[in-house]
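Dear colleague,

Please find the structure below, handed over for your consideration. My notes on its cavities and on one helix come after it.

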Amino acid sequence: MKLLIENGRLINPATATDEVLNLLVEEGKIKKISKTKIIEEAEKYIDADGCWVVPGLIDLHVHFREPGFTHKETIFTGSLSGVMGGFTTVCAMPNTKPAIDSPQRVQELLAKRQEAGVIKILPIGSITKSQAGEELVDILALKKAGICGISEDGKTVMEEKLMKWAMDRAKEENLPILVHCENHKLVAGGVMNKGKLAETLGLEGIPPEAEDSITKRDIQLAQQVGARLHICHVSTKGAVDLIRMAKIKGTKVTAEVCPHHFTLTEETVGHGDPNAKMNPPLRGKEDVEAILEGLKDNTIEMIATDHAPHHEDEKALGFKDAPFGIVGLETALSLSITELVQKGTLTPLQLIEKLSYNPARLLGLETGDLSEGKTADITIIDPRMEYTIDKEKFYSKGKNTPFHGRRVKGRVMYTIVDGRIVVDKGRLIPELEEKYKEYR
């Protein structure tokens, strides 16, 4: 299909471009970019006046729950949730049942991706077999099958020698190792941030040291090995400081933060709202301020969602017994625009760098770049549009969000994957909408 996008504010971190330009897409590629009107016949015209035209967003950290937990989410519903949030590529964490720990499991996930036919899903392989923390997977075999990295997300590899060996193997295969930094011994049944509020609510707390101690350990191991270390869902001031110092020393470390960790504090837990229960937990004001500073000075160079859907019956068990996690794909962009751009922490160019260009570079993708000749993965955003987050309108099976009812700015108007429009004027294309209705 030939597509013309006119009058949009093209924001492309790869070339430091931020100006009004016209763009021609043909056969899934960006054929031409011009300041002047492009005289071409096209099957589809988009007037993007007042909108941002950006490289398709890339989420390094989602849980699509299939196989094993399809009552929470499926590849198809997760894919729809992703494109509605402006994402064209997502990385699926391996803590499914069974875990993504073999070439067969990778191939099954890729087959499901093909069947869904909506979004690009890149599998992340587990570090240990069955995520049991005892025996390393065959990383080379998983790479040949199609993984983009390895992770034990949801868990930490507590055995230091095994973790170092995993880093050695990841380095040999030139794969990033994405780490969940949590000392299980220090968590000890904790369900929220350790502090006065946890005591008042009569809930066990998770101390910041649980995150900081493993962050420090994994950075030291990465320094010794020379591995490409990526630290997931940073939540503490201590972790931000450790990552900043590691970068100064030249360690190959990158980091991500989730919108809930730069937007909310532990006070959101209130009287024990299970939709404010996530891991790592919401922290204190000082931690949020440190994360914002880390985003600003590029200590934290990526934003990811940790999209973690759960069934409403599970979240209804009460704060102590409910599972950790919230959904994030359909709220991440608007929260980031509202909390980071509107408040002056980041420019639009810096935000898109963290949501697209930097994740693409970590993964070695040629996407995340709207230059001529590149793949036409494109998101068009109206940053002026204000709306109220309504969980009942999510395409994700999960409605577990602490942001229901929140007013935000910035809405996805178009999501384009390989030159194919899948979200048109803020709505799923009819083909996908019909499939979704049948699916439900």
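The notes begin with the basis of the model and then turn to the findings.

The model is predicted: local features need pLDDT of at least 70, side-chain atom pairs count only at pLDDT 80 or more, and totals for chains, interfaces and linings use all residues. Residues are numbered from 1 along each chain as its sequence is written, and side-chain values use heavy atoms, with hydrogens and water left out.

Six cavities of 30 Å³ or more are present. A cavity is a set of points, on a 1 Å grid over the protein atoms alone, where a 1.4 Å probe fits but cannot get out; lining residues have an atom within 4 Å of a point. The largest cavity holds about 70 Å³ of space, and its lining includes His 180, Glu 182, Cys 232 and Arg 283. The second largest holds about 50 Å³; among its lining residues are His 260, Thr 305 and Phe 403. Two elements, α9 (259-263) and α12 (332-341), each give two or more residues to the lining of the second largest cavity. Helices here are DSSP runs (H or I, at least four residues), as are strands (E, at least two), numbered from the N terminus.

Helix α4 (residues 160-172) has as its buried residues (under 20% relative accessible area, 1.4 Å probe, protein chains only) Leu 162, Met 163, Ala 166, Met 167, Arg 169 and Ala 170. Seen down the axis of α4, these fall within an arc of 165°, so they line one face of the helix; the arc is that of the directions from the helix axis to the C-beta atoms. The face turned away from the buried side carries Lys 161 and Glu 172, which are exposed (over 50%).

With kind regards

How values were computed: 1 Å grid on protein atoms, 1.4 Å probe; cavity = no way out; pocket = protein on both sides within 12 Å on 5 of 7 lines; lining within 4 Å. Points joined across faces, edges and corners; volume = space filled by probe spheres on them.
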